[in-house]
Amino acid sequence: MKWRGIPLIILLMLSVIAAGCINGSDNSGLKEATLVVFHAGSLSIPFQQLEKEFSDYAEKNLGYKVTFQDEASGSVAAVRKVIDLGKKADVMAVADYTLIPQLMIPDYADFYVIFATNEIVIAFTNESKYADEMKAHPEKWYEILARDDVSFGFSDPNQDPCGYRSVMVMKLADYYYDKPVFETLVEKNTNIYFNGSMVVAPKDIQIKKDRVVIRPKETDLTALVESGSLDYFFIYKSVAEQHNLSYITLPNEINLKDFSKADFYGKVGIYIGSTGKVIKAKPIVYGVTVPKDAPNRELAIEFLRYLLGENGRRIFQENHQDFIWPPVAFGNVPDEIKDEVKVEG
């Protein structure tokens with residue numbers, strides 16, 4: 001009986017080896033590479049599609065089998081991983097492009113590209129308290145959020161542009177409505193305050209009332225609203241659309257969408273405790289770069305070409321986010337992407 005088992009084992013081993021050879025022939029000559037991408041949480045869904053399509057493109061056209069290692073976070077947190085923690089990334093894509101020239105250039109990057117826009121909305125579900133009233137009278141949004149039985153949230157201004165933009169929206173609402181919206185919604189519920197000239201977000205943000213929820217990035221709040229444990233949150237319009245949430249739009253004077261309102265937005269600035277920097281309110285513009293020490297810089301630039309071309313434009317449109325066309329590049333722009341962008345400065 002024993003001698004009969006030996007050929008069977010050998011046969012099984014040979015079949016496994018043969019299978020490995022067959023699999024290897026499918027990818028004959030392909031080099032393998034992993035691209036590490038640090039990106040804003042609000043880019044998660046379009047980047048998933050972008051990366052899947054680029055992987056197919058790279059296999060057919062570049063001779064690479066590419067896998068992606070994504071780290072979604074607030075954009076401030078993403079940049080700090082590189083400049084404070086010394087982590088290496090191949091691609092850095094942030095929801096506030098100014099973080100790149102302000103914090104990364106010249107030591108960690110030497111160029112950046114602006115490529116997408118967005119706006120702040122207030123999202124909710126049909127189960128949110130006063131949802132019908134919010135839909136029927138969106139101009140009453142700040143009155144509804146001020147009610148003691150209503151919970152609302154925004155992301156951490158120290159880690160995420162959506163967080164500091166949400167806070168700036170509520171301060172801009174003071175000027176637009178001539179009502180104490182910021183004091184009622186922000187100062188009474190958190191230790192974020194207005195010092196007479198700017199909003200101050202302390203490094204250690206504290207909640208005074210548990211009906212307000214703050215999380216590291218804006219997409220962390222999505223599940224809370226979807227599950228019914230949070231009534232409303234400030235979020236980008238694209239994310240609300242991607243998750244099929246109900247939302248109300250805000251006036252152009254406060255939603256940070258309208259470039260013609262830039263001067264009005266500029267009335268508000270916020271001191272970010274985590275960086276020690278002051279950020280002025282401005283229209284929402286996303287930015288991307290390849291850091292100087294990117295482990296796979298050449299392939300990362302190819303990914304950037306894909307993002308900034310017609311394919312990236314299509315993917316972002318399919319995912320309800322406005323794309324800047326053509327994208328605009330600044331600094332020491334790599335030659336490989338110059339035919340996909342407008343070079344400024």
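## Strands, rings and three buried residues

In strand β2, Val66 is the bridge partner of Ala33. That pairing belongs to a longer run in this predicted model: strand β1 (residues 31–40) and strand β2 (residues 64–73) run parallel and are joined by 10 bridges. Add helix α2 and you have a β-α-β unit, made by β1, α2 and β2, and it is right-handed.

**Aromatic rings**

Helix α2 is also a good place to start on the rings. A search of the whole structure turns up 21 aromatic pairs. One of them is Phe54 with Tyr306, an edge-to-face pair with 5.7 Å centre to centre and 70° between the planes. It ties together distant parts of the chain, since Phe54 sits in helix α2 (residues 44–61) and Tyr306 in helix α12 (residues 297–308), 252 residues apart. Are these two rings buried or exposed? Both Phe54 and Tyr306 are buried. They also have company: Phe47, Phe54, Tyr57, Phe68, Phe303 and Tyr306 make up one aromatic cluster.

Tyr176 and Tyr177 give another edge-to-face pair, this time with 4.9 Å between centres and 80° between planes. Here the two partners get different labels, and the cut-off of 20% explains why: Tyr177 is buried because its relative accessible area of 18% is under 20%, whereas Tyr176, at 36%, counts as partly exposed.

Rings also show up with charged side chains over their faces. Arg147 lies over the face of Tyr130, 4.5 Å from the ring centre. Lys171 does likewise over Phe194, at 3.9 Å from the ring centre.

**Three buried residues**

Now for three residues in other parts of the fold. Here is where each one sits and how much of it is accessible.

| Residue | Location | Relative accessibility |
|---|---|---|
| Asn118 | loop between β4 (111–117) and β5 (120–124) | 8%, buried |
| Lys217 | loop between β9 (212–215) and α9 (222–227) | 17%, buried |
| Ala240 | helix α10 (residues 237–242) | 0%, buried |

Which side chains does Asn118 make polar contacts with? One is Ser238, where a polar contact of 2.9 Å joins the two side chains. Another is Tyr286, whose side chain is joined to that of Asn118 by a polar contact of 3.1 Å. If you set aside neighbours within four places in sequence, Asn118 is in contact with Tyr236, Lys237, Ser238, Leu256, Lys257, Ile284, Tyr286 and Gln321.

Lys217 may catch your eye as a lysine on the buried list. Why does it count as buried? Its relative accessibility is 17%, and the label applies because that value is under 20%. Beyond its neighbours within four places in sequence, Lys217 is in contact with Gly41, Ala72, Ser73, Gly74, Ser155 and Asp160. Two of those names lead back to the opening pair of strands, as Ala72 and Ser73 fall in β2 (residues 64–73).

Ala240 has a relative accessible area of 0%. With neighbours within four places in sequence left out, its contacts are Val121, Ala123, Ile235, Leu245 and Tyr247. Among them, Val121 and Ala123 fall within β5 (120–124), one of the two strands flanking the Asn118 loop. Ala240 can also be set against Leu43: the two are 197 residues apart in sequence, with 12 Å between them in space, C-alpha to C-alpha.

Terms used
Residues are numbered from 1 along each chain as its sequence is written. Side-chain values use heavy atoms; hydrogens and water are left out. Rings of Phe, Tyr and Trp (its six-membered ring) pair if their centres lie within 6.5 Å; planes under 30 degrees apart count as stacked, over 60 as edge-to-face and the rest as tilted. Helices (H or I, at least four residues) and strands (E, at least two) are DSSP runs, numbered from the N terminus. Buried means under 20% relative accessible area, exposed over 50%, partly exposed in between (1.4 Å probe, protein chains only). A charge sits over a ring if NZ of Lys or CZ of Arg is within 6 Å of the ring centre and within 35 degrees of the ring normal. Two strands pair if DSSP finds at least two bridges between them. A crossover is right-handed if, with the strands pointing away from the viewer, the path from the first strand over the helix to the second runs clockwise. A polar contact is a pair of N or O atoms within 3.5 Å; within protein, one must be able to donate a hydrogen and the other to accept it, and residues adjacent in sequence count only if both atoms are side-chain atoms. Contact means heavy atoms within 4.5 Å.
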